[in-house]
Amino acid sequence: MANMKQGGHETAGQSVAPANGKLGVMVVGLGAVATTMIAGVEAVRRGLAKPIGSLTQMGTIRLGKRTESKSPLIKDFVPLADLNDVVFTGWDIFEDNVYESAAHAEVLKPEILAKLKPYLETIKPMPAVFDQFYVKRLHGTHVKTGKNKRELAEQVKADIRAFKKTVDRVVMIWCGSTEIFMEPSAVHASIENFEKGLECNDAGIASSQIYAYAALSEGVPFANGAPNLTVDVPAMIELSKRNAAPICGKDFKTGQTFMKTVLAPAFKARMLGVSGWFSTNILGNRDGEVLDDPQSFKTKEESKLGSLEYIFQPDLYPDLYKDIYHKIRINYYPPRGDEKEAWDNIDIFGWLGYPMQLKVNFLCRDSILAAPVALDLVLFLDLAKRTPDLRSIGIQEWLSFYLKSPQTAEGLYPEHDLFIQSMKLKNTLRHIMGHELITHLGLEYYD
Ligand SMILES: NC(=O)c1ccc[n+]([C@@H]2O[C@H](COP(=O)([O-])OP(=O)(O)OC[C@H]3O[C@@H](n4cnc5c(N)ncnc54)[C@H](O)[C@@H]3O)[C@@H](O)[C@H]2O)c1
């Protein structure tokens with residue numbers, strides 16, 4: 001492709017390999033989010049429903065000047081895998097097939113599940129790598145055994161290799177439970193340390209990291225829908241780069257944090273101050289049950305807390321944001337199932353310090369919001385793997401759009417503002433296709 005002139009820089013248009021053949025999607029944890037994604041993809045394939053909420057399926061991208069009226073669908077602009085070419089498999093600690101698990105999750109209506117039943121029943125989980133030390137509220141019965149964590153990793157690698165024989169490309173996504181809060185330690189500092197840790201069963205290696213290690217070792221991109229530490233450590237970043245297996249941050253940005261990263265940038269853009277932000281949630285699905293354990297809640301809390309601090313930049317704006325009281329609560333309340341309710345009370349202040357309040361009550365459906373995010377991450381990671389410019393850089397910061405905890409290069413602060421993230425994502429797509437970036441300057445219209 002020809003070189004393109006972009007804002008004074010010569011940038012080579014990259015030739016992205018086409019999405020030929022089948023894309024295999026290996027899902028860790030076939031619970032509410034995963035089954036809603038899988039059933040949803042099948043429903044869309046059969047023309048039973050529309051892929052609402054999915055940027056890859058419904059989004060357009062503007063190319064060139066506003067006067068050119070050129071806005072193709074993203075999936076027509078970049079070579080994404082077609083939904084008809086997507087093949088699912090996965091692991092879970094329970095033996096339920098995807099139909100049974102979806103019925104148990106009670107996200108989708110029985111009528112639609114009944115239509116999809118013959119297909120969903122064919123997807124049966126492989127035995128999982130699981131240790132209750134990392135998820136206290138679950139008791140797994142369908143699990144792998146081995147003499148140490150290295151053997152378990154080898155078994156996951158064998159699963160990947162077997163699946164690879166049946167498809168053309170593979171991506172892995174963690175839709176499993178939230179693990180206990182963990183911090184990076186010496187075992188995560190390098191690939192060598194990590195591999196020694198696998199051998200001697202180091203407690204610093206959680207189940208999610210065994211899957212991620214297996215994926216990245218096999219050159220398979222890995223997305224993390226939970227706030228678990230998983231790939232957010234030097235060993236995994238190194239492995240990702242070495243094996244051209246893209247990674248991209250963690251924890252699907254769906255409900256309350258999605259709203260936060262829309263509202264907070266608006267307050268900041270208008271220089272309105274914030275003195276307090278109280279966020280509470282009630283939810284009654286299995287995720288809520290797992291998060292009822294204080295150690296798993298801590299992992300989620302850390303992930304949810306980060307966004308405001310970075311968006312408001314209190315060091316730059318001490319008068320507006322220095323003393324924010326930010327509090328987050330998640331309450332397990334079984335009657336509500338997957339239909340989570342989130343409340344936010346935001347204490348803001350304006351001209352001359354006069355106080356005001358904003359209340360947000362989001363009655364959402366957790367997995368309905370998360371399923372398209374999971375699908376998009378899978379399709380975009382597969383695209384990254386086929387893109388020379390992206391495949392070996394490790395972290396795909398342009399996918400932060402989808403995640404509560406974006407991952408970045410060392411020393412860079414994460415960008416949480418949803419609209420900056422959206423612009424970054426679309427400009428990355430323009431860049432890899434050799435198109436001019438859009439800066440929104442627009443002075444040329446007034447020449
Ligand atoms: N739904 C949302 O809006 C949302 C948003 C952000 C993050 N998340 C995260 O996504 C994850 C999935 O959410 P969910 O609502 O589907 O939860 P869920 O409890 O319904 O599903 C999780 C599944 O993972 C399985 N599992 C746990 N550990 C495993 C292991 N080591 N190997 C294989 N399977 C394992 C569980 O048995 C369960 O079936 C959670 O961590 C949740 O915090 C969800």
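**Ligand shell and two positive phi angles**

User: In this predicted model, how many residues surround the ligand?
Analyst: The model is predicted. Among the residues around the ligand, the closest are G29, G31, A128, A226 and R286. The full count of surrounding residues is 36.

User: Which element gives the largest share of the shell around the ligand?
Analyst: Several elements supply at least two shell residues each, including α1 (32-45), β4 (86-92), β8 and α11 (286-291). α14 (366-385) is on that list too. The largest share is four residues, and that share comes from α14.

User: Which class, nonpolar, polar or charged, has how many residues in the shell around the ligand?
Analyst: The shell draws at least three residues from each of domain 1 (3-253 + 367-432) and domain 2 (256-363). Its residues divide by class into five charged, eleven polar and 20 nonpolar.

User: Where is T230 found, and is T230 buried or exposed?
Analyst: T230 is not a glycine, yet its phi is positive, near 30 degrees. Most residues other than glycine have a negative phi. T230 sits in the loop between β7 (222-224) and α9 (234-242). Within 10 Å there are 25 other C-beta atoms, so T230 is buried.

User: In which strand does D251 lie, and how many C-beta neighbours does D251 have inside 10 Å?
Analyst: D251 is not a glycine either, and its phi is positive at about 75 degrees. D251 lies in strand β8 (residues 247-252). The cut-off for buried is 20 or more other C-beta atoms within 10 Å. D251 counts as buried because its C-beta neighbours inside 10 Å number 23.

Definitions and conventions. Residues numbered from 1 in each chain as written. Predicted model: local features only at pLDDT ≥ 70, side-chain atom pairs only at ≥ 80, totals over all residues. Buried ≥ 20, exposed ≤ 12 C-beta atoms within 10 Å, placed from the backbone. Near = placed C-beta within 6 Å. Nonpolar A, V, L, I, M, F, W, Y, C, P; charged D, E, K, R; others polar. Domains from an automatic or database assignment.
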